[in-house]
Amino acid sequence: MKNAYRIFITVSLMIVLSHPTFSQDTTTAAPPLVKGGIYDRPYIFRPSSRIAIGGYAETMIRSEYEQGVHENISFEARRFNIFIFSSISPYIKLTSELEFEHGTEEIKLETALIDIQFYEELNLRGGILLSPLGKFNLAHDSPRNEFTDRPLVSTRIIPATLSEAGFGLYGSFYPHPEHRLTYETYLVNGLNDDIVLGGDGTAIPDGRPKAFEEDNNGSPAFVGRLAWMPEFGLEFGISLHTGVYNTFKKEGLVIDEKRSLTIMALDGEYQIGDFAFVGEYARARIGIPPSLGGLFAEAQHGFYGQALYTLLHGVLPMFPQSRLAIGVRYDYIDLDTAINGDDTHRLTVGANLRLVPDTVIKLDYQHNWMFDRLQNKTRAAVIQFGVATYF
């Protein structure tokens, strides 16, 4: 897509030209590009050789109620993910993640990328990468999250986890000694026709690439994120994903009009003392075939806001780093902004006991108010208890 190329080239040139004198030492310990992201995991910092292997596991028990009726109770080994990292040279890194979800119901390669690090300000990345669309998609590991379920906006509108094959640039600048600016900008294959062909209604998660095969339309999409950290504990981010999603030509023949998907996201994070606040908003515009107008959504949006307070530190003598925290999160998604309906509200309250920084025990209760396209309301509740840990 011409617009995607223009955005990618323009951003890249601005990055290069705006900082003519680069630092020449990339071996110094720079902070990770994304807090909680792929280079901010514990296994990387304890390698026994040039290769480091780690991962995380999550297991839980879940009890569901709908309209006051107890539906079921079940145990689940929700995730078992394996990381492999290799420092091929001081300036060349390889990192990958293999994910086993719901036991072995779903097995997929989440990341497999090569980073060539020229300067802190300018680096090349290629492979299967996590799209920088919102902070949560970049930092979603279960041991990092304070609640058991992922936010609705980050799974139903931003289809986390969204991994795509592509190439691009990333880096960070310091416009002021206490201000850090980071960026990621990539050309990727993008999402596919299953956004509207995968089921009933518009469903962005159905368009995620499943096998990282070649682009379905030969027209790369653009994805990028710019984040600003003006002081310790504070971060703001803005993201964009845009491109043609449908198959509009086959064997060189045009068979359909181009239809685009654009998702814009804003995210923020702030920590002060024992309080931590996190939030994210996303809005999507989807080009719909004329025959589906009025039936399928052309715009969706949603957000979540979360607050956590640490009550006690060193709560268990055998775990000096342990902490007990309580939190609340509010989720809202509207899957069709053109009508009064097709939306969900969720309130989650919970507590967690973090035994060590890498291991957490979670207990939470969530209440859902779900409205269909005719505004019929369904209420549901979930109680969850789980454990997640890095290894």
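1. Start with the largest cavity: in this predicted model, its volume comes out at about 140 Å³. The structure holds 4 cavities of 30 Å³ or more, so if you're setting up a void analysis, that's the set in play, given that a cavity is a space where a 1.4 Å probe fits but cannot get out.

2. What lines the largest cavity? The residues are P32, L33, V34, G37, I38, Y39, L113, R125, L129, L130, L138 and E184. By class, the lining splits into 9 nonpolar residues, 1 polar and 2 charged.

3. Which strand gives the largest share of that lining? Strand β5, spanning residues 123-130, does, with 3 residues.

4. Now for the outside. There's a nonpolar surface patch of about 840 Å². Its members are Y65, F303, V328, Y330, L347, V349, L363, Y365, I383, F385 and V387. Two or more residues of the patch come from each of β15 (323-334), β16 (343-356), β17 (359-371) and β18 (377-390). The largest share belongs to β18, at 3 residues.

5. Have a look at Y65 while you're there. This patch member sits in strand β1, residues 51-66. Is Y65 buried, partly exposed or exposed? Its relative accessible area is 31%, so Y65 counts as partly exposed. Patch residues need over 30%, and Y65 has 31%, so keep that cut-off in mind when you read the list.

How values were computed:
Residues are numbered from 1 along each chain as its sequence is written. This is a predicted model: local features need pLDDT of at least 70, side-chain atom pairs count only at pLDDT 80 or more; totals for chains, interfaces and linings use all residues. Side-chain values use heavy atoms; hydrogens and water are left out. Patches are made of residues with over 30% relative accessible area and no salt bridge: like charges are joined within 9 Å, nonpolar side chains (Val, Leu, Ile, Met, Phe, Trp, Tyr) within 5 Å. Accessible areas come from the Shrake-Rupley method with a 1.4 Å probe; for residues, only the protein chains shown count as cover. A salt bridge is a side-chain nitrogen of Lys or Arg within 4 Å of a carboxyl oxygen of Asp or Glu. Helices (H or I, at least four residues) and strands (E, at least two) are DSSP runs, numbered from the N terminus. Buried means under 20% relative accessible area, exposed over 50%, partly exposed in between (1.4 Å probe, protein chains only). On a 1 Å grid over the protein atoms alone, a cavity is a set of points where a 1.4 Å probe fits but cannot get out, and a pocket is an open set with protein on both sides within 12 Å along at least five of seven lines; lining residues have an atom within 4 Å of a point. Grid points are joined across faces, edges and corners, and a volume is the space filled by probe spheres set on the points. Ala, Val, Leu, Ile, Met, Phe, Trp, Tyr, Cys and Pro count as nonpolar, Asp, Glu, Lys and Arg as charged, and the others, Gly among them, as polar.
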